[in-house]
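Subject: A structure for you to look through

Dear colleague,

Please find the structure below, and keep it open beside this message while you read. What I found in it follows after the display.

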Amino acid sequence: TIFFIRELLIQINESLRYPILKVHNIELSIWALIIFTLIVFISRFIAKKVSYLVVINLLNKAEFEFGRKDAIAKIIRYTIYIIGLIIGLQTLGIDLSALMAGGAILAVGIGFGVQNLVSNFISGILILFEQPIKKNDFVEVDGILGIINEISIRSTTIRTLDDITIIMPNSKFITEKVINWTHNETSSRITVKIGISYDSDIDLVEKLLIEVAKSESF
């Protein structure tokens, strides 16, 4: 029985390490793919935990506003993601210098096909570092008014006044004119046009509007 188990384990090990794909000098096996997947998942777990601990233990004690804390946490998270991905690729035996050279050639070949993707990615990094907008800011961009819900590396989520969620490419916030109503303040004032009949009681309308405004929670 022990001999059978040993032979079975040897066969399983050989099967897992047997190259299923060969590309130039790189041999990919099931075992290497398993290790790569584990490294990616572990780096993702560590990134979430570290960014959370940094926010809770350090940034909450400092006098940072919410949007700045969120941006710092995301930068830490993406940095750990990239480090984990690099380590994972190295475990697969992929030469990163060759990959970068091949990527440059591929980028030239693809041309404008990935231009928008790269533009949004770089814009996301600029937004997180420069912070022209932050989470919970009230902004107006491309004719849309809303509150910033989430800023990711590729796009930004905006919740409009009608409670509609809009996912907007990050490049819009770099190339378009953006009005940030709460860039330096947590509160702001906007003008809302209301149409009424010519024979309406102006005083009554004003009274009702004030009552409605006071009944809303902010």
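**What was found**

The accessible surface of the chain comes to about 16000 Å², and 63% of that surface belongs to carbon and sulfur atoms. Please bear in mind throughout that this is a predicted model. Of the chain's 218 residues, 23% count as buried.

As for the overall layout, the secondary structure comes to seven helices and seven strands, and from the N terminus on these elements follow one another in the order α-β-β-α-α-α-α-β-β-β-β-α-β-α. If you take the contacts between residues at least 6 apart in sequence, 50% of them join residues that are at least 24 apart.

One feature to find on the surface is a nonpolar patch of about 620 Å², which is made by Ile30, Trp31, Ile34, Leu38, Ile42, Phe45 and Ile46. Phe45, one of these residues, has its place in helix 2, which covers residues 30-59. When you look along a helix such as this, it may help to remember a general point. An α-helix has 3.6 residues a turn, so residues three or four places apart point the same way.

Next, please turn to helix 5, residues 115-130, where Ser123 is found. Is Ser123 buried or exposed? Ser123 has a relative accessible area of 5%, and because the cut-off for a buried residue is under 20%, Ser123 counts as buried. Leaving aside the neighbours within four places in sequence, Ser123 is in contact with Asn170, Ser171 and Ile174. The C-alpha atoms of Ser123 and Phe173 are 7.8 Å apart in space, although the two residues are 50 apart in sequence.

Asn170 also appears among the contacts of Arg154, which, again leaving aside neighbours within four places in sequence, touches Leu117, Asn120, Pro169 and Asn170. Arg154 has its place in the loop between strand 4 (144-151) and strand 5 (155-160), and with a relative accessible area of 43% this residue is partly exposed. Along the chain Arg154 and Asn120 are 34 residues apart, yet their C-alpha atoms are separated by 5.2 Å.

The count of salt bridges comes to four, and I describe some of them here. Lys134 forms one with Asp137, the closest N and O atoms being 3.6 Å apart, and both Lys134 and Asp137 are buried. Glu150 forms another with Lys135, at 3.5 Å between the closest N and O atoms. Because Glu150 lies in strand 4 while Lys135 lies in the loop between helix 5 and strand 3 (138-141), this pair ties together parts that are 15 residues apart in sequence. Glu150 itself is partly exposed, with a relative accessible area of 30%. Arg159 forms a salt bridge with Asp163, where the closest N and O atoms are 4.0 Å apart. Here Arg159 counts as partly exposed at 30% relative accessibility, whereas Asp163 is exposed, with a relative accessible area of 56%.

Last, please look at helix 7, residues 202-215, which has 14 residues. At 1.5 Å a residue this helix should span 20 Å, and its end C-alpha atoms are indeed 20 Å apart, so the two values agree. At the start of helix 7, a side-chain oxygen of Asp201 reaches to within 3.2 Å of the backbone nitrogen of Asp203.

With best wishes

Definitions and conventions: Residues are numbered from 1 along each chain as its sequence is written. This is a predicted model: local features need pLDDT of at least 70, side-chain atom pairs count only at pLDDT 80 or more; totals for chains, interfaces and linings use all residues. Side-chain values use heavy atoms; hydrogens and water are left out. Helices (H or I, at least four residues) and strands (E, at least two) are DSSP runs, numbered from the N terminus. Buried means under 20% relative accessible area, exposed over 50%, partly exposed in between (1.4 Å probe, protein chains only). Contact means heavy atoms within 4.5 Å. Accessible areas come from the Shrake-Rupley method with a 1.4 Å probe; for residues, only the protein chains shown count as cover. Patches are made of residues with over 30% relative accessible area and no salt bridge: like charges are joined within 9 Å, nonpolar side chains (Val, Leu, Ile, Met, Phe, Trp, Tyr) within 5 Å. A salt bridge is a side-chain nitrogen of Lys or Arg within 4 Å of a carboxyl oxygen of Asp or Glu. The expected span of a helix is 1.5 Å times one less than its number of residues. A polar contact is a pair of N or O atoms within 3.5 Å; within protein, one must be able to donate a hydrogen and the other to accept it, and residues adjacent in sequence count only if both atoms are side-chain atoms.
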